[in-house]
Amino acid sequence: SHDNNQVLSLLHTNNAVNGMDASLSSTVTHTMPNPRDHLISPTVLMDHLLEENNEVRRIAIVKQWLEQSYRPQAHEGSGSASSGSSSVFRPLRSSLRLGPIPDQPLNPKHADEQMHLMQALYRALRKNDYDMMQSICYETGNVWRWQSLSGSFLLNYPENDGAIADDSATRGNKKKCETTGNPSLYLWKKQASILAQKYLELGSDMNIRTNQTEKNAHLYESLIYSILSNDLKTSLSNPLIPGDASGYENHQTSLYLFMRGLLERKQDEYLIGYANACRQVFPKFPPLGATMDLKPAEDEHLQATDHIANLTAERIFAKLGGSGGND
């Protein structure tokens, strides 16, 4: 279709990808580090995957281009769309103080402010700007919200990765044992997906008597949690994502969701494969932070996102409303 050709043309013009269809559908073999040699934290492991796997690297390039070229569109809710990078995020009033209590009922008097808060967080996420997301949360008195959202961060051992596998090597050295990120990432993703579905229902149910601004606040929150948990079905079901709309800008949003979903699925396969290898070596894995067996949550997440693993460029463009085929 014309729109799909425009998407591909712009991707190629900006050197975002070369041979995307072959990249998405090809099987690429890569070498996974042996945990017997050196335990590697997930953040470092992802760097290794990008270096070793051309398929994953190309998908990451497309995702990055879609993030960098993002500009808010009119369909994203109230407020005018802007093409200027300096006005991507609508300034929030200093009065936007929604309190430190999570999951409290939304006060209708604050619906407009809540909607713009969630809209700003979504726009920052859409550009992969987590520093902006943190600033928004802190400046508006929503520290608890940032603590919730940052549960999506990969676990990282800040110092000698290999030494952390041996408890005796770190005993008495508390600083060396400190980690960043979430050791129970896939438990977090499960709960985030549940939240995304809950907020989608609140924002979409016409039988719930709330104004559209309040519904949009719920829809933005659903979109944020569905993206962070890689719940692609919930993301694409969100009314803020115009699935049947024509035009490059609308398709770009859906394409971003597909690319991010596909990239995270491949990262999850790699991370969980490595975790399973580590369980054959270490009596406790991950060695720090987790207090329970995480394998059931990992297996459940792979099962929930199994449909993403079969995506190809042809199928993606077909879902965007085009004819697929030679697009």
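**View 1. Asn-128 sits in the loop between H5 and helix H6 (130–139).**
Helices here are DSSP runs of H or I with at least four residues, strands are runs of E with at least two, and both are numbered from the N terminus. This is a predicted model, so local features need pLDDT of at least 70 and side-chain atom pairs count only at pLDDT 80 or more, while totals for chains, interfaces and linings use all residues. Residues are numbered from 1 along each chain as its sequence is written, and side-chain values use heavy atoms, with hydrogens and water left out. Although Asn-128 is not a glycine, its phi is positive, at about 60°. Most residues other than glycine have a negative phi. With 33% relative accessibility, Asn-128 counts as partly exposed (buried is under 20% relative accessible area, exposed over 50%, partly exposed in between, with a 1.4 Å probe and protein chains only).

**View 2. Asn-230, in the loop between H12 and H13, also carries a positive phi.**
The phi of Asn-230 is about 60°, and Asn-230 is not a glycine. Unlike a residue out in the open, Asn-230 is buried, with a relative accessible area of 5%.

**View 3. Helix H5 (residues 111–126) packs on helix H12 (residues 212–228).**
The two axes come within 8 Å and cross at roughly 25° (axes are lines fitted to C-alpha atoms, for helices over the stretch in contact, and angles run from 0 to 180 degrees between N-to-C directions). That makes H5 and H12 roughly parallel to each other (under 35 degrees; over 145 is roughly antiparallel, 65 to 115 roughly perpendicular, and the rest oblique). H5 passes H12 in a left-handed crossing, meaning that the near helix is turned anticlockwise from the far one by less than a right angle; clockwise would be right-handed. On the H5 side, the contact residues include Met-115, Met-118, Leu-121, Tyr-122 and Leu-125. From H12 come, among others, Ala-217, Tyr-220, Leu-223, Ile-224 and Ile-227. Contact means heavy atoms within 4.5 Å. By class, the residues of this contact split into 12 nonpolar, four polar and three charged (Ala, Val, Leu, Ile, Met, Phe, Trp, Tyr, Cys and Pro are nonpolar, Asp, Glu, Lys and Arg charged, and the others, Gly among them, polar).

**View 4. Helix H3 (residues 42–52) meets helix H4 (residues 54–68) at an angle of about 100°.**
Their axes are 5 Å apart, and the angle puts H3 and H4 roughly perpendicular to each other. H3 brings Leu-49, Leu-50, Glu-51 and Glu-52 to the contact, and H4 brings Asn-54, Val-56, Arg-57 and Ala-60. Sorted by class, that gives four nonpolar, one polar and three charged residues.

**View 5. Tyr-130, Trp-146 and Phe-153 form one aromatic cluster.**
Rings of Phe, Tyr and Trp (its six-membered ring) pair if their centres lie within 6.5 Å; planes under 30 degrees apart are stacked, over 60 edge-to-face, and the rest tilted. By this rule the count comes to four aromatic pairs. One of them is Trp-146 with Phe-153: the ring centres are 5.7 Å apart and the planes stand at 70°, so the pair is edge-to-face. Trp-146 is buried at 8% relative accessibility, whereas Phe-153, at 29%, is partly exposed.

**View 6. Trp-188 and Tyr-225 make a tilted ring pair.**
Here the ring centres are 6.4 Å apart and the planes lie at 40°, hence the label. Trp-188 belongs to helix H11 (residues 185–204) and Tyr-225 to helix H12, so the pair ties together parts that are 37 residues apart in sequence. Both partners are tucked away: Trp-188 is buried at 14% relative accessible area, and Tyr-225 is buried at 4%.

**View 7. Asn-238 lies in the loop between helix H13 (232–236) and helix H14 (248–279).**
Asn-238 is buried, with just 2% relative accessible area. Setting aside neighbours within four places in sequence, Asn-238 is in contact with Leu-200, Leu-219, Ser-222 and Leu-223.

**View 8. Pro-183 is in the loop between helix H10 (174–177) and H11.**
Pro-183 counts as buried at 19% relative accessibility. C-alpha to C-alpha, Pro-183 and Phe-285 are 9.6 Å apart in space, though 102 residues separate them in sequence. For the whole chain, 73% of contacts between residues at least 6 apart in sequence join residues at least 24 apart. The chain has 17 helices and zero strands, and 49% of its 327 residues count as buried.
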